[in-house]
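Q: Could you take a close look at one part of this model for me, the aromatic cluster, and then walk outward to the backbone and the cysteines? I would enjoy one connected account.

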Amino acid sequence: MYEGLEVLCAALCIVGESPVWDCRQRCLYMVDVHGQRMRRIDLASGAARDAVFPQQIGALVLAQSGGLIGCMEDGLYRLTEAGGMEPLLAPIALDGPRFNDAKAGPDGCLYGGTIHYEGRGALYRITPQLQVTTLLTGVGNSNGLDWDTDKGVFYYNDTPTLRTDAFDFDEAAGTISRRRCVRRYTPKDGHPDGMTLDSEGMLWVALWGHGRVIRMDPADGRILREIRLPVRNAACCAFAGDDLRELIITSAAHDTLLRGQPLAGAVFRIRVDVPGRLPWRFTV
């Protein structure tokens with residue numbers, strides 16, 4: 001059932017999120033949101049090194065100047081592997097208790113959204129000059145996001161809506177418009193969480209609550225491949241490795257009985273035929 005799937009790192013996370021491959025350092029970074037930690041993982045050995053912070057980290061974004069930007073409870077910080085944090089844009093007023101997911105876009109800006117338990121979160125665009133624009137309101141749990149620059153499309157998951165959506169993306173203006181549904185899910189399918197795009201323009205979506213990651217054609221929502229996991233809560237996925245053919249999948253031990261799912265919270269990997277793309281960097 002789990003053919004080709006390997007455990008990359010068995011050090012369990014409460015909520016493992018935001019895997020990002022740093023080709024300069026040749027390592028994988030990720031966060032444990034509720035564990036308030038950033039983790040560096042060596043792909044060759046699976047060895048992990050953690051730094052713990054005084055706030056929850058929703059997401060990590062690579063900086064063009066080097067290092068990592070942590071999207072946290074009250075704003076953006078430059079983080080170090082030794083546990084240092086320097087305010088970049090903090091504190092700022094957010095619609096929600098913290099950032100949940102974020103990425104650098106093709107325009108060098110940071111796009112990040114919040115979680116809000118009453119559905120009043122938001123998705124923001126933050127420029128290298130640290131100007132903040134609200135792109136969406138009424139967000140429940142801002143999650144997977146990525147861009148197809150060939151098509152001028154931005155893809156987005158707001159998890160409680162049980163949808164993956166597409167928008168027209170104007171890179172010059174940094175705006176999104178003409179929202180439409182790519183795929184609708186049922187609770188039995190799982191809730192769309194983290195997401196990434198491969199080099200053929202297909203979407204990979206982690207489905208929280210159903211223990212799987214799907215590869216989907218955004219043209220018609222068709223599922224092209226399904227990867228099943230030995231855990232219920234798949235949280236996020238990203239490409240890593242020198243050839244970008246290692247699909248990394250994070251998971252969560254949150255709300256799970258480890259006796260029944262002893263690998264809940266582990267990080268998995270699987271080799272895929274179609275490579276991904278390098279993540280963009282925030283131009284700071």
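A: Seven names make up one aromatic cluster here: Y111, W147, F154, Y156, F167, F169 and W280. Please keep in mind that this is a predicted model. In the structure as a whole, the count of aromatic pairs comes to 11. A good place to start is the pair Y111 and W147, whose ring centres lie 5.1 Å apart with the planes at 65 degrees; edge-to-face applies to planes over 60 degrees apart, so this pair is edge-to-face. The contact links distant parts of the chain, since Y111 belongs to strand 11 (residues 110-115) and W147 to strand 14 (residues 142-148), with the two positions 36 residues apart in numbering. Both partners are out of view from the surface in the sense used here: Y111 is buried, and W147 is buried too.

Now turn to F154 and Y156, which are also members of the cluster. Their rings form a stacked pair, at 6.0 Å centre to centre and with 25 degrees between the planes. F154 is buried, as is Y156. So the cluster contains an edge-to-face pair, Y111 with W147, and F154 with Y156 adds a stacked one.

From the rings, let us move to the backbone, beginning with strand 2. S18 sits in this strand, which covers residues 16-22. Phi of S18 is near 55 degrees, a positive value in a residue that is not glycine. Is S18 buried or exposed? With a relative accessibility of 5%, S18 counts as buried, because the cut-off for buried is under 20%. The rest of the strand fits with that, as 7 of the 7 residues in strand 2 are buried.

Strand 2 has a partner as well: 5 bridges join it to strand 3 (residues 27-32), and the two run antiparallel. Within this pairing, G16 stands opposite D32 of strand 3. The two strands form a hairpin with 4 residues between them, and R26 in the turn has a positive phi of about 55 degrees.

A further positive phi in a residue other than glycine belongs to R178, again near 55 degrees. R178 lies in strand 17 (residues 175-184). The setting of its side is another matter: R178 has 56% relative accessibility and therefore counts as exposed, the cut-off being over 50%. Another backbone detail is the peptide bond from A90 to P91, which is cis, with omega near 0 degrees. P91 is in the loop between strand 9 (85-89) and strand 10 (98-104).

Last come the cysteines. How many disulfides does a search of the whole structure find? The search finds 0. For C13, the closest cysteine sulfur is in C9 at 7.1 Å, which is too far for a bond. C13 itself is buried, with a relative accessible area of 2%. For C236, the closest cysteine sulfur is that of C237, 5.8 Å away, and this too is too far for a bond. C236 is likewise buried, at a relative accessible area of 5%.

Terms used. Residues numbered from 1 in each chain as written. Predicted model: local features only at pLDDT ≥ 70, side-chain atom pairs only at ≥ 80, totals over all residues. Heavy atoms only, no water. Buried < 20%, exposed > 50% of the residue type's maximum accessible area, 1.4 Å probe, protein only. Pairing = 2+ DSSP bridges. Phe/Tyr/Trp six-rings, centres within 6.5 Å; stacked < 30°, edge-to-face > 60°. Disulfide = S-S within 2.5 Å.
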